[in-house]
Each structure stands twice: as C-alpha cells, then as structure tokens.
Amino acid sequence: MALSPENPLSAEPEIETSHAEEFVEQLRCVADTLPSRINIDAQSVEQGLAKLVLTLIEFIRRLLEKQAVRRMEGGDLSPEQIEELGLALMRLEAKLQELKSQFGLEDEDLNLDLGPIGRLI
Amino acid sequence: MKLYAYCLAEDLDTLDHSQPGIAGAPVRLLKIDNLAVLISDTTIDAVPVTKENALAHAAVVRSILDQTTPLPFRFGTLVTERQLGSYVSARKPALKKKLAHVRGCVEMSVKIIWDAPDGIRTTNAELSGTGTDFLTAKRREILGDEQRAKQATEISDWLRERVSGLTRDEQAILRPSERLLLSAAHLVERANIERYRTQLVEARQNRPELHFLISGPWPPYSFANIELEFSSQFGVS
C-alpha cells in the first residue's frame, strides 16, 4: 500500500535513484570494509594490532604536518628550521610507508570508523 | 530459555499479524511496565549474522510501523526475560523520552554521491627532495583537503536547508574524501512525508551534478537508542 496524506500510517518503503549501479558499487565498498567474521589467529591479531597502532601514528603524523605548515605560513620559522622540520616529517612518512608495506596494509586501511562522528582520518 | 528482542513500542496491545522472526520463530508481544517488546523464544546462544536473519529482524520491526513507531533493538540482542524486565524498568524514563522523540515519525534516508575534486597528494619525488619542498607540497595537499571539506559542508548544509521544517531530527555522516559523500537520516513526521519527497525532487533538479538515493520510510534505526545501548553495555545508567 502506498503512502499518502490520506493514509499516513501506511509504511511501505520505497527506494528512488537514477544511479542504482553506482550506489550499489559504493555501498558494496562500505560493506567490504566490514569483516564478515572475526578470525582470531596469530597472523590476524598481529596485523590488526599493527593496523591500530599505525592508524594512531598516522593520525598524529598528520597533526604534526598541519602544525608545521601553520608555523611555516605564520612566518615564525627560519629557512633552516623549515628545512629541518620538513626533513624530519618526510622521513617519518617514508618510515610509515615502509611499516605499512611490511604488514601488507594500504593507505585506506589506516583509519577508524567512529560511527556517527565519522572517520578518524 | 532466552528471548530474541526485536523492538520496543508504546500503544501496542496485540499483534495483528503473523510475521515470522529469526529462523522462522514465532514472534510474540511481551508487556513490561505498559511498554510492548516484540520477542521470539530461542535456545541459541548467538544469532548468526546472515542476510536471512537480518531481513527477518527488519521485517518484524517494520511489521508494526503501520500501528506505531518502534525503537528497534540492535540486531542480535539476546536476553533473559528477567534481564529485559530489569532493563526496561531501570531505563523507563529514558525509553519514554526516546519514544516521545520518534512518536508519529519515520526515518527517511538520503545518500549523495559526488565527483569529489581530486586531492593533491605528495609524490614519491617530493618524498625524496628537500625538507622545504616537502612542507610546501604538504601545504598544497592540506589546502586542497580543506577546500574539499568546505564544498562537502556546503552540500550538507544545502540539503538540511531544503528539508528544514519537515524534519524533527537529523543524523548525517559526511565523508569529503569519498565518492559516497553524505549519508543522512531524517526523522520525518508521517504527515510530512509527501512534502519531504516533493522537496527532494526539486532539490535534485537543482543539483544535477550530485547523484541521489532516497529511501524510506524506515523504522527510526538511526534515532533509536545509542546512549541506551552504551548504558547497557557498560553498565552505566
């Protein structure tokens, strides 16, 4: 039964879109990020722990980068300090990429879904 | 014997349908302190997460949507009758408040896909250049991200404005870095559903660059009992 002002309590759901395939693809991507079941074995525990730790490091790294850029824009760093800070952050990023590769993780793996708040990164 | 709990509702004295529940189990109505809880008796310790079970749970919750607006329990909620009674009695004021919030309403869902502006990412060459080049590249990257977040927020605000006056509440998840930009749930009074749909049809025509998926009416899953779930899980009331 369709909803209408005359029959406001009827509630057959409808789905309306002109881009069904596109939405199916996107929603499938979201579903694919959720584990179908939790495997507790040594390898998955190690990788899960690495993912969590590297996500937090990545989050802090990005905060540091933003802070460095703000300070550079603010003009309170000398050219030598900018170079030194840039080099330190560059090496940190390179090291993180190396660790990601060791644990078989991609860029998009380093994130946490915080539900209604959104994602950490 | 355990109970599988589907949802909680007010103003419901009888079930005028025979919608089967999880694994085909019969659904019955349990009255606790003038509130109705839809349950199935079960002997299982955990409910397998399958498409059939998820659809069965949703079908039971939706089966009373014509009569009242229920507060759905999280999928897989297994309790004893004593636990359920204690839960409802201890949290009755909060449950009543939540039921009053969703009374007469349903959930409508809007999802938006956009062609996100390409983010500028630091290249490998910049990762091996000088520190100054690296920070300059990062500055470009951050400015690009900020611009994209600003555009995303504008779209979210625009949608909220289009349906303002027709919604009682909103839950929105905005992801500027992804193609599925916005997932919004609106709590809409039943009498306003047609006007809400009309508003969205007009809105879609104004923004052909955005792709919309509009669905509903659904039970108010996004407005149900998050804090109650947390209270239950962590034993804090």
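# Reading the labels in a two-chain predicted model

Author: In chain B, residues 24 or more positions apart account for 76% of the contacts with a separation of 6 or more. This is a predicted model, and its chain B has seven helices and nine strands, with buried residues making up 46% of its 237 residues.

Reader: What makes E93(A) count as buried, and in which helix does E93(A) lie?

Author: E93(A) belongs to helix α3 of chain A, which covers residues 79-102. Its relative accessible area is 8%, and buried means under 20%, so E93(A) is called buried.

Reader: Why is the pairing of K138(B) with E93(A) called a salt bridge?

Author: The closest N and O atoms of K138(B) and E93(A) are 2.9 Å apart, and the term asks for a side-chain nitrogen of Lys or Arg within 4 Å of a carboxyl oxygen of Asp or Glu; the pair therefore qualifies as a salt bridge. K138(B) lies in helix α5 of chain B while E93(A) lies in helix α3 of chain A, so this pair joins two chains. K138(B) has 2% relative accessibility and is therefore counted as buried.

Reader: How do you know that E65(A) and R61(A) are in a salt bridge, and where do they lie in chain A?

Author: Their side chains meet at 2.3 Å, N to O, and the cut-off is 4 Å, so the name salt bridge applies to E65(A) and R61(A). Both residues lie in helix α2 of chain A, four residues apart, about one turn of the helix. E65(A), with a relative accessible area of 4%, is buried, and R61(A), at 5%, counts as buried as well. The side chain of R61(A) also makes a polar contact of 3.1 Å with the side chain of E93(A). A network of salt bridges links E58(A), R61(A), R62(A), E65(A), E93(A), K138(B) and E141(B), and the structure holds 25 salt bridges over all chains.

Reader: What makes E209(B) and R207(B) partly exposed, and how far apart are their closest N and O atoms?

Author: Partly exposed covers the values between under 20% and over 50%; E209(B) at 43% relative accessibility therefore counts as partly exposed, and so does R207(B) at 21%. The closest N and O atoms of E209(B) and R207(B) are 2.6 Å apart, and the two residues form a salt bridge.

Reader: What makes the link between K31(B) and D13(B) a polar contact?

Author: The side chains of K31(B) and D13(B) are joined at 3.2 Å, and a polar contact requires a pair of N or O atoms within 3.5 Å, so the distance satisfies the cut-off. A polar atom of the K31(B) side chain also lies 3.0 Å from the backbone oxygen of L12(B). K31(B) is placed in strand β2, residues 28-32 of chain B, and its relative accessibility of 40% is why K31(B) counts as partly exposed.

Reader: Why is T17(A) called partly exposed, and what does T17(A) contact beyond its neighbours within four places in sequence?

Author: The relative accessible area of T17(A) is 24%, and buried would need a value under 20%, exposed one over 50%, so T17(A) is partly exposed. T17(A) lies in strand β1 of chain A, residues 14-17, and, leaving aside neighbours within four places in sequence, T17(A) is in contact with F23(A), R204(B), F212(B) and L213(B). A polar atom of the T17(A) side chain lies 2.7 Å from the backbone oxygen of F212(B), and this side chain reaches the backbone nitrogen of H19(A) at 3.0 Å.

Reader: Which residues touch the most other members of the largest nonpolar core, and which helix gives the most to this core?

Author: Of its 23 residues, V110(B), I112(B), L159(B), Y196(B), L200(B), L210(B) and F212(B) touch the most other members. In chain B, β6, α5, β8, α6 and β9 each supply at least two residues of this core, and α5(B) gives the most, with five residues. Another core, of 21 residues, lies apart from it, and includes L35(B), I39(B), L71(B) and F223(B).

Reader: What makes L64(A) eligible for the nonpolar surface patch formed with F59(A), I60(A), L63(A) and L92(A)?

Author: L64(A) is partly exposed at 44% relative accessibility, and patch residues need over 30%, so L64(A) passes that accessibility cut-off. The patch is about 410 Å², and its largest share, four residues, comes from helix α2 of chain A, residues 42-74.

Conventions. Residues numbered from 1 in each chain as written. Chains lettered and ligands numbered in written order. Predicted model: local features only at pLDDT ≥ 70, side-chain atom pairs only at ≥ 80, totals over all residues. Heavy atoms only, no water. Core = buried A, V, L, I, M, F, W, Y, C linked by side-chain atoms within 4.5 Å. Buried < 20%, exposed > 50% of the residue type's maximum accessible area, 1.4 Å probe, protein only. Contact = heavy atoms within 4.5 Å. Polar contact = N/O pair within 3.5 Å; in protein donor to acceptor, adjacent residues only side chain to side chain. Patch = residues over 30% accessible without salt bridge, like charges linked within 9 Å, V, L, I, M, F, W, Y side chains within 5 Å. Areas by Shrake-Rupley, 256 points an atom, 1.4 Å probe, with all protein chains shown as cover.
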